[in-house]
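Thanks for asking me to look this one over. Here are my notes, set out as numbered points so that you can follow along with the structure open.

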Amino acid sequence: MFTYELQRRLAPHGTTVSVAAHPGMSSTELARNTPAALRLPLTWLAPLITQTPAMGALPTLRAATDPAVLGGQYYGPGGRNEVMGHPRLVTSSPESYEMAVQQRLWADSEDLTRVAFPVVQSRRTSLSSPRGR
């Protein structure tokens, strides 16, 4: 959702694009805090439902380096249910296309970070432009 709103804001200003990616199910340390009751079953299932961290990194690498990538696109694993596989263009959830929700997420992000778009850099200011409170 944030990617779509950022792309809408970037489009009038030049060639910089906003693209999203997800790794699918990758065998990383993210699952180390899984509840104890689930650890043993996941140990057995992991080889069947996860891919290597290197494969999980490929959608992000494609989104960042493929010269054919367009702003607002979303990449993920190309296998069944986008869990594993080589990267391809995928579709995000229907809810992610709701423009009003995207704009609300953007506004909340600006409020929480105190950074407003566009970020303006000058000799007298820092890299961000804090919003007044």
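**Notes on helix 1 and beyond**

1. Let's begin in helix 1 (residues 2-10), where Glu 5 and Arg 8 both sit, three residues apart, which is about one turn of the helix. Please keep in mind throughout that this is a predicted model. Glu 5 and Arg 8 form a salt bridge, and their closest N and O atoms are 2.5 Å apart.

2. Glu 5 has a second partner in Arg 9, with 2.9 Å between the closest N and O atoms of that salt bridge. Arg 9 is also in helix 1, four residues from Glu 5, again about one turn of the helix. Taken together, Glu 5, Arg 8 and Arg 9 are linked in a network of salt bridges.

3. Buried or exposed: how does Glu 5 count? Glu 5 counts as buried because its relative accessibility is 4%, and the cut-off for buried is under 20%. Arg 8 has a relative accessible area of 34%, so this residue is partly exposed. Arg 9 is partly exposed as well, at 25%. In this network, then, a buried Glu 5 is paired with a partly exposed Arg 8 and a partly exposed Arg 9.

4. How many salt bridges does a search of the whole structure find? The search finds three. Besides the pairs Glu 5 with Arg 8 and Glu 5 with Arg 9, there is a salt bridge in which the side chains of Arg 62 and Asp 66 meet, at 2.9 Å from N to O. Arg 62 is partly exposed, with a relative accessible area of 29%, and Asp 66 is partly exposed too, at 22%. As a general reminder, side chains of opposite charge can pair when their charged atoms come close.

5. Now for the overall layout. The chain has four helices and three strands, and along the sequence they follow the pattern α-β-α-α-β-β-α. Of the 133 residues in the chain, 23% count as buried; Glu 5, discussed above, is a buried residue.

6. Next, a look at the surface. Met 25, Leu 38, Leu 42, Leu 45, Leu 48 and Ile 49 make a nonpolar patch of about 520 Å². One of these residues, Leu 42, lies in helix 2, which covers residues 36-49. Leu 42 counts as partly exposed because its relative accessibility is 35%. That value also fits the patch, because patch residues need over 30% relative accessible area.

7. The largest pocket holds about 400 Å³ of space. Which residues are closest to its centre? Of the 17 residues that line the pocket, they are Ser 26, Ser 27, Thr 28, Ala 31 and Thr 50. By class, the lining has seven nonpolar, seven polar and three charged residues. In general terms, rolling a probe the size of a water molecule over the atoms shows where empty space is left.

8. Please also look at the loop between strand 2 (74-77) and strand 3 (87-89), where you will find Asn 81. Phi of Asn 81 is near 60°, a positive value in a residue other than glycine. Glu 82 is in the loop between strand 2 and strand 3 too, and its phi is near 55°, also positive in a residue other than glycine. As for accessibility, Asn 81 has a relative accessible area of 63%, so it counts as exposed.

9. Where does the start of the chain meet later parts of the sequence? Tyr 97 and Met 1 are 96 residues apart in sequence, yet their C-alpha atoms are 6.9 Å apart in space. Tyr 97 lies in the loop between strand 3 and helix 4, and it is partly exposed, with a relative accessible area of 44%.

10. Met 99 makes a companion to that last point. The C-alpha atoms of Met 99 and Met 1 are separated by 8.3 Å, with their positions 98 residues apart along the chain. Met 99 belongs to helix 4, which covers residues 99-113. Met 99 is partly exposed, because its relative accessible area is 44%, which falls between the 20% and 50% cut-offs.

Key
Residues are numbered from 1 along each chain as its sequence is written. This is a predicted model: local features need pLDDT of at least 70, side-chain atom pairs count only at pLDDT 80 or more; totals for chains, interfaces and linings use all residues. Side-chain values use heavy atoms; hydrogens and water are left out. On a 1 Å grid over the protein atoms alone, a cavity is a set of points where a 1.4 Å probe fits but cannot get out, and a pocket is an open set with protein on both sides within 12 Å along at least five of seven lines; lining residues have an atom within 4 Å of a point. Grid points are joined across faces, edges and corners, and a volume is the space filled by probe spheres set on the points. Ala, Val, Leu, Ile, Met, Phe, Trp, Tyr, Cys and Pro count as nonpolar, Asp, Glu, Lys and Arg as charged, and the others, Gly among them, as polar. Patches are made of residues with over 30% relative accessible area and no salt bridge: like charges are joined within 9 Å, nonpolar side chains (Val, Leu, Ile, Met, Phe, Trp, Tyr) within 5 Å. Accessible areas come from the Shrake-Rupley method with a 1.4 Å probe; for residues, only the protein chains shown count as cover. A salt bridge is a side-chain nitrogen of Lys or Arg within 4 Å of a carboxyl oxygen of Asp or Glu. Helices (H or I, at least four residues) and strands (E, at least two) are DSSP runs, numbered from the N terminus. Buried means under 20% relative accessible area, exposed over 50%, partly exposed in between (1.4 Å probe, protein chains only).
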